[in-house]
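Could you open the model in your viewer and keep the selection tool at hand? We will take a short tour, one selection at a time.

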Amino acid sequence: MFGKPSWFRENSRLAIPLPVVRAGWRYYGGWLAAILVPTLMLVWRGQVFPEAMIWIGVSAGAFLLEIRRLQNELRQRSALARMHHIDDAAGPVETESWLLEIKQ
């Protein structure tokens with residue numbers, strides 16, 4: 001939705017991408033505020049069940065969908081960076097199991 005993959009990098013230990021620039025940290029802070037502020041207001045008004053619980057579920061679900069989108073884009077970028085291209089000038093390419101070349 002709003003987060004840019006260039007603000008993050010893949011993290012092997014955590015389930016969410018790790019911010020590498022200030023905009024990524026602001027993005028996470030914005031999501032935290034968007035989830036917590038309305039929840040705290042609903043709790044303060046005494047609307048814990050079902051309003052606050054519904055808000056937490058819906059907003060956390062939207063956050064998880066956004067994290068999933070960011071992870072997919074980061075994985076696609078890293079996969080494209082590791083991809084090898086075969087052209088006519090390169091000749092055959094050897095891998096561990098295969099010898100690849102362009103068929104004429």
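Helices here are DSSP runs of H or I with at least four residues, numbered from the N terminus. With that in mind, select T39, which lies in helix α1, residues 22-44. Please remember along the way that this is a predicted model.

**Stop 1: T39 and its surroundings**

Is T39 buried or exposed? T39 has a relative accessible area of 8%, so T39 is buried. Now show the backbone of I35 as well: its oxygen lies 2.6 Å from a polar atom of the T39 side chain. Next, display what surrounds T39, leaving aside its neighbours within four places in sequence. The residues in contact with T39 are then A52, W55 and I56.

**Stop 2: W55 and a nonpolar patch**

From those contacts, pick W55, which has its place in helix α2. W55 counts as partly exposed because its relative accessibility is 33%, between the limits of 20% and 50%. Keep W55 selected and add F49, M53 and I56. Together these four residues form a nonpolar patch on the surface, with about 410 Å² of accessible area. Two members of this patch, W55 and I56, are also among the contacts of T39.

**Stop 3: the peptide bond at F49 and P50**

Stay with F49 from the patch and add P50. What kind of peptide bond joins F49 and P50? The bond is cis, with omega at about -5°. P50 has its place in helix α2.

**Stop 4: a salt-bridge network**

Now move along helix α2, which covers residues 48-82, and select E66 and R69. These two residues are three apart, about one turn of the helix. Their side chains meet in a salt bridge, with 2.6 Å from N to O. Add E73, which also lies in helix α2, four residues from R69 and again about one turn of the helix. The side chains of E73 and R69 meet in a salt bridge too, at 2.6 Å from N to O.

With the three residues shown together, you can see E66, R69 and E73 linked in a network of salt bridges. How many salt bridges does a search of the whole structure find? The search finds two.

Colouring these three residues by accessibility is worthwhile. E66 counts as buried because its relative accessibility is 2%. R69, at 25%, counts as partly exposed, and E73 is partly exposed as well, with 26%.

**Stop 5: L64, with a look across to I16**

Still in helix α2, select L64. L64 has 53% relative accessibility and therefore counts as exposed, the limit being over 50%. Then add I16 and draw a line between the two C-alpha atoms. L64 and I16 are 48 residues apart in sequence, while in space the C-alpha atoms are 9.0 Å apart.

**Stop 6: N11 in its loop**

I16 leads to the next selection, since N11 touches I16 and also L18, not counting residues up to four places away in sequence. Where is N11 placed? N11 is in the loop between β1 (8-9) and β2 (18-19). Show the N11 side chain together with the backbone of R13: the side chain reaches the backbone nitrogen of R13 at 3.2 Å. N11 has 19% relative accessibility and so counts as buried, the limit being under 20%.

**Stop 7: zoom out to the chain**

Finally, clear the selection and switch to a cartoon view. The chain has two helices and four strands, and from the N terminus on the elements run β-β-α-α-β-β.

Turn the model along its principal axes. The C-alpha atoms fill a box of roughly 75 × 30 × 25 Å. The radius of gyration of the chain is 22 Å, whereas a compact globule of 104 residues would have one near 13 Å.

If you colour the whole chain by burial, 21% of the 104 residues count as buried. Switch to a surface view and the chain exposes about 8,400 Å², with carbon and sulfur atoms supplying 63% of that area. For a last view, draw a contact map: among contacts with a separation of 6 or more, residues 24 or more positions apart account for 48%.

Conventions:
Residues numbered from 1 in each chain as written. Predicted model: local features only at pLDDT ≥ 70, side-chain atom pairs only at ≥ 80, totals over all residues. Heavy atoms only, no water. Buried < 20%, exposed > 50% of the residue type's maximum accessible area, 1.4 Å probe, protein only. Polar contact = N/O pair within 3.5 Å; in protein donor to acceptor, adjacent residues only side chain to side chain. Contact = heavy atoms within 4.5 Å. Patch = residues over 30% accessible without salt bridge, like charges linked within 9 Å, V, L, I, M, F, W, Y side chains within 5 Å. Areas by Shrake-Rupley, 256 points an atom, 1.4 Å probe, with all protein chains shown as cover. Rg over C-alpha atoms; globule rule 2.2 N^0.38 Å.
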